[in-house]
Amino acid sequence: MNTTLMAALWMIGAIIAFTSMAIAGREVSFELDTFEIMMFRSLTGIIIVLCVAAATGTLKDINRQQLPLHGLRNLAHFTGQNLWFYALTVIPLAQVFALEFTTPIWVILLSPLLLGERITAIGAFAAAIGFAGVMVVTQPGATPITAGTIAAATAAIGFALTAIFTRKLTRTQSITCILFWLTLMQLVFGLVTAGYDGDIALPSATTAPWLILIGCAGLLAHFCLTKALSLAPTSIVMPIDFIRLPVIAIVATHLYAERLDPLVFIGAALIFGANYLNIRVGARR
């Protein structure tokens, strides 16, 4: 089997995992707030990470180097993920995914500040096209900008910061170490934010399986994505990832009777085109 086909299969796994996490997040939101969801997700995640690390002999890779950078990365991810889970409950799932696709645009804009990288002319052009796509998705003026759309758009910034800090960490840290501190720190963040009022809701028999699914799907999605990127160029992997949008739109239509909005797909196509253009030009260089 060639590597491109293998990458496509791994991306199908990532799409299934991301879609499952979105559905599970909406299902548990009726009993738990976003902080509690993140706390239980991180608890599931750290158990999985430690078990896999023990089985593969990579526990020795865990160290306390770069802890401040781990902290910044995980705080950005915790914030973005909480906003993402909140957005899932108040706006259409397709709109959440479309706005999430702006993450690479924010990476382009923030990299000069945090990584010292220069914004290229094509990068600036791609960011402008991506911004136009966001305007089409959110439809300012035609429809009110809600807390959900603001949350989804801001979550993309959190995910962009996560990507940038991860790029820094991978220069010196192993994946096991990064995932260990990710799950441990976010478990602590979840405990603090969910328990600040002295009231943490425990999962019921109904929500417990969904929480386990969120924890497993979150780790599996990123593992599948990483494997796909290790087998094929980003210019091949990214168009496959875009399939997430019509998949979640179809699922949301059948499960939650959400309307398919053509403007969401048009805007998402602009966002995708901007990202793809930047990747293709960067690959040629």
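This is a short tutorial dialogue on reading features in a predicted model.

Me: Let's start with a helix. How many residues does H11 have, and how far does it reach?

Reply: Helix H11 covers residues 244–256, which makes 13 residues. From first C-alpha to last, H11 spans 17 Å. The expected value at 1.5 Å a residue is 18 Å, so the two are close.

Me: Which residues of H11 are buried?

Reply: Buried means under 20% relative accessible area. In H11 that applies to Arg244, Leu245, Ile248, Ala249 and Ala252. They span an arc of only 125 degrees around the axis, so they sit on the same side of H11.

Me: Arg244 is on that list. What does the side chain of Arg244 make a polar contact with?

Reply: Its partner is the side chain of Asp241, at 2.9 Å. Asp241 belongs to helix H10, residues 234–241. Asp241 has a relative accessible area of 13%, so it is buried. Set aside neighbours within four places in sequence, and Asp241 is in contact with Met11 and Phe101.

Me: Which ring does the charged end of Arg244 sit over?

Reply: The ring of Phe18, with 4.3 Å to the ring centre. There is another case to look up: Arg26 lies over the face of Tyr256, 4.6 Å from the ring centre.

Me: Now rings with rings. How many aromatic pairs does a search of the whole structure find?

Reply: The search finds 9. Take Phe180 and Trp181: the ring centres are 5.0 Å apart and the planes stand at 75 degrees, so this pair is edge-to-face. Phe180 is buried at 13% relative accessibility. Trp181 is buried too, at 12%.

Me: Are Phe272 and Tyr276 stacked or edge-to-face?

Reply: Look at the angle between the planes. Planes under 30 degrees apart count as stacked. For Phe272 and Tyr276 the angle is 20 degrees, and the centres are 5.7 Å apart, giving a stacked pair. Both residues lie in helix H12, residues 262–284, and being 4 residues apart they are separated by about one helical turn.

Me: How exposed is each partner, Phe272 and Tyr276?

Reply: Phe272 is buried, at 18%. Tyr276 is partly exposed, at 28%. Ring pairs also link these two with Phe101 and Phe242 in a cluster.

Me: Stay in H12. Is Ile271 buried or exposed?

Reply: Ile271, a residue of H12, is buried, with 0% relative accessibility. Beyond its neighbours within four places in sequence, Ile271 has contacts that include Ala98, Phe101, Thr102 and Gly130. Gly133, Val134 and Val137 are also among them.

Me: How far apart are Ile271 and Thr89 in sequence and in space?

Reply: They are 182 residues apart in sequence. In space, the distance between their C-alpha atoms is 23 Å.

Me: Last topic: backbone angles. Why look for a positive phi?

Reply: Because most residues other than glycine have a negative phi. Here, Gln66 is not a glycine, yet its phi is positive, about 60 degrees. Gln66 sits in the loop between helix H2 (34–56) and helix H3 (67–90). At 36% relative accessibility, Gln66 is partly exposed.

Me: What phi does Ala257 take, just after H11?

Reply: Ala257 has a positive phi of about 55 degrees. The loop between H11 and H12 holds Ala257. Its relative accessibility is 67%, so Ala257 counts as exposed.

How values were computed
Residues are numbered from 1 along each chain as its sequence is written. This is a predicted model: local features need pLDDT of at least 70, side-chain atom pairs count only at pLDDT 80 or more; totals for chains, interfaces and linings use all residues. Side-chain values use heavy atoms; hydrogens and water are left out. Buried means under 20% relative accessible area, exposed over 50%, partly exposed in between (1.4 Å probe, protein chains only). The arc is that of the directions from the helix axis to the C-beta atoms. A polar contact is a pair of N or O atoms within 3.5 Å; within protein, one must be able to donate a hydrogen and the other to accept it, and residues adjacent in sequence count only if both atoms are side-chain atoms. Contact means heavy atoms within 4.5 Å. Rings of Phe, Tyr and Trp (its six-membered ring) pair if their centres lie within 6.5 Å; planes under 30 degrees apart count as stacked, over 60 as edge-to-face and the rest as tilted. A charge sits over a ring if NZ of Lys or CZ of Arg is within 6 Å of the ring centre and within 35 degrees of the ring normal.
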